[in-house]
Amino acid sequence: MTLFKPISTSPAPGQRLRTVVVPWPEAKPDVYGVRQEVFVEEQRLAHSVVDDPDDQLSVHVIASIDGEVAGIGRVTFIADDGQIAWVAVRRPLRRHGVGLAIMRQLIGVCIDEGCRIISLNAQTHALSFYERLGFRPLGRRFRMSGIEHQHMMMDVDDREMRRRESRYR
Ligand SMILES: CC(C)(COP(=O)(O)OP(=O)(O)OC[C@H]1O[C@@H](n2cnc3c(N)ncnc32)[C@H](O)[C@@H]1OP(=O)(O)O)[C@@H](O)C(=O)NCCC(=O)NCCS
């Protein structure tokens, strides 16, 4: 993967978006770079973004645009559940489909791993982003690290069923 560098401009038309699964610890510099920029500098998140012991147990997806790191996300497997976390796109590159591309790859990884359920804790500003992918809110909203969150879930069988049904419409 690329070296993490500062960016300030939006992607130009025609630039190539790519998402890849990167093993840990190879993914570390890019993952920590984006987390620092988005969660620490932008969102002022209270807790550490580098000391998460689940990082080494997780599958990490990194998105790039023309070789420049654009965003990240990870999934951790617990029994039949794929738990998605730390999804972030660098600010100048948002609303260009990077987040959806990361999520689609993470969901694909979950399906390949045989997950029945995919879950995440969404920051509430991003609810519609996750709803668009088929996640549904579950339970009450809560605060974590000073930010309002909503637990969300997707039943993989339902999603697959809907996808297959739509092919025959
Ligand atoms: C949430 C986030 C990952 C979305 O990434 P993105 O690359 O901007 O998303 P996309 O361009 O793929 O968005 C696709 C669609 O999702 C929806 N969407 C994206 N961001 C949204 C937001 N913040 N609020 C509401 N809807 C949003 C829109 O429908 C959008 O389509 P549109 O641009 O045609 O309207 C990004 O805003 C981000 O990194 N935010 C800061 C970190 C964060 O909050 N991470 C989530 C932790 S749970």
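This report describes a predicted model, taking up the surroundings of its ligand, one buried glycine, a helix and a group of paired strands.

## The shell around the ligand

In this predicted model, the ligand is surrounded by 18 residues, of which the closest are Val-89, Arg-94, Gly-99, Leu-100 and Phe-129. Two or more residues of this shell come from each of the strands β4 (81-89) and β5 (117-123), and likewise from each of the helices α2 (98-112) and α3 (127-131).

Sorted by character, the residues of the shell comprise nine that are nonpolar, six that are polar and three that are charged.

## Gly-71 and its contacts

Strand β3, which covers residues 68-78, contains Gly-71. This glycine counts as buried because 26 C-beta neighbours lie inside 10 Å of Gly-71, where 20 or more are required.

Leaving aside residues up to four places away in sequence, Gly-71 touches Val-34, Ala-63, Ala-88, Val-89, Arg-90, Leu-93, Val-98, Gly-99 and Ile-102. Among these contacts, Val-89 and Gly-99 also belong to the closest residues around the ligand. Val-49 is 22 residues from Gly-71 along the chain, and the C-alpha atoms of the two are separated by 15 Å.

## Helix α2

Helix α2 is built from 15 residues, and the distance from its first C-alpha to its last is 21 Å, close to the 21 Å expected at 1.5 Å a residue. Its buried residues are Val-98, Gly-99, Ala-101, Ile-102, Met-103, Gln-105, Leu-106, Ile-107, Val-109 and Cys-110; of these, Val-98, Gly-99 and Ile-102 are also contacts of Gly-71.

After α2 comes Gly-114, which has a positive phi near 80°.

## Strands that pair with β8

Strand β8 (residues 147-155) pairs with β5 in the antiparallel sense, and seven bridges connect the two. Within β8, Gln-150 is the residue that stands opposite Ala-122. Strand β6 (residues 136-137) also runs antiparallel to β8, to which it is joined by two bridges, and here Pro-137 has Met-152 of β8 as its bridge partner.

A further antiparallel pairing, over three bridges, links β8 to strand β7 (residues 142-144), with Arg-143 and Glu-148 of β8 as bridge partners. Strands β7 and β8 form a hairpin with two residues between the strands, and in this hairpin Ser-145 adopts a positive phi near 50°. Of the strands described here, β5 also gives two or more residues to the shell around the ligand.

Methods
Residues are numbered from 1 along each chain as its sequence is written. This is a predicted model: local features need pLDDT of at least 70, side-chain atom pairs count only at pLDDT 80 or more; totals for chains, interfaces and linings use all residues. A residue is near a molecule or strand if its C-beta atom, placed from the backbone, lies within 6 Å of it. Helices (H or I, at least four residues) and strands (E, at least two) are DSSP runs, numbered from the N terminus. Ala, Val, Leu, Ile, Met, Phe, Trp, Tyr, Cys and Pro count as nonpolar, Asp, Glu, Lys and Arg as charged, and the others, Gly among them, as polar. A residue is buried if 20 or more other C-beta atoms lie within 10 Å of its own, exposed if 12 or fewer, and partly exposed in between; C-beta atoms are placed from the backbone. Two residues are in contact if their C-beta atoms, placed from the backbone, lie within 7 Å. Two strands pair if DSSP finds at least two bridges between them. The expected span of a helix is 1.5 Å times one less than its number of residues.
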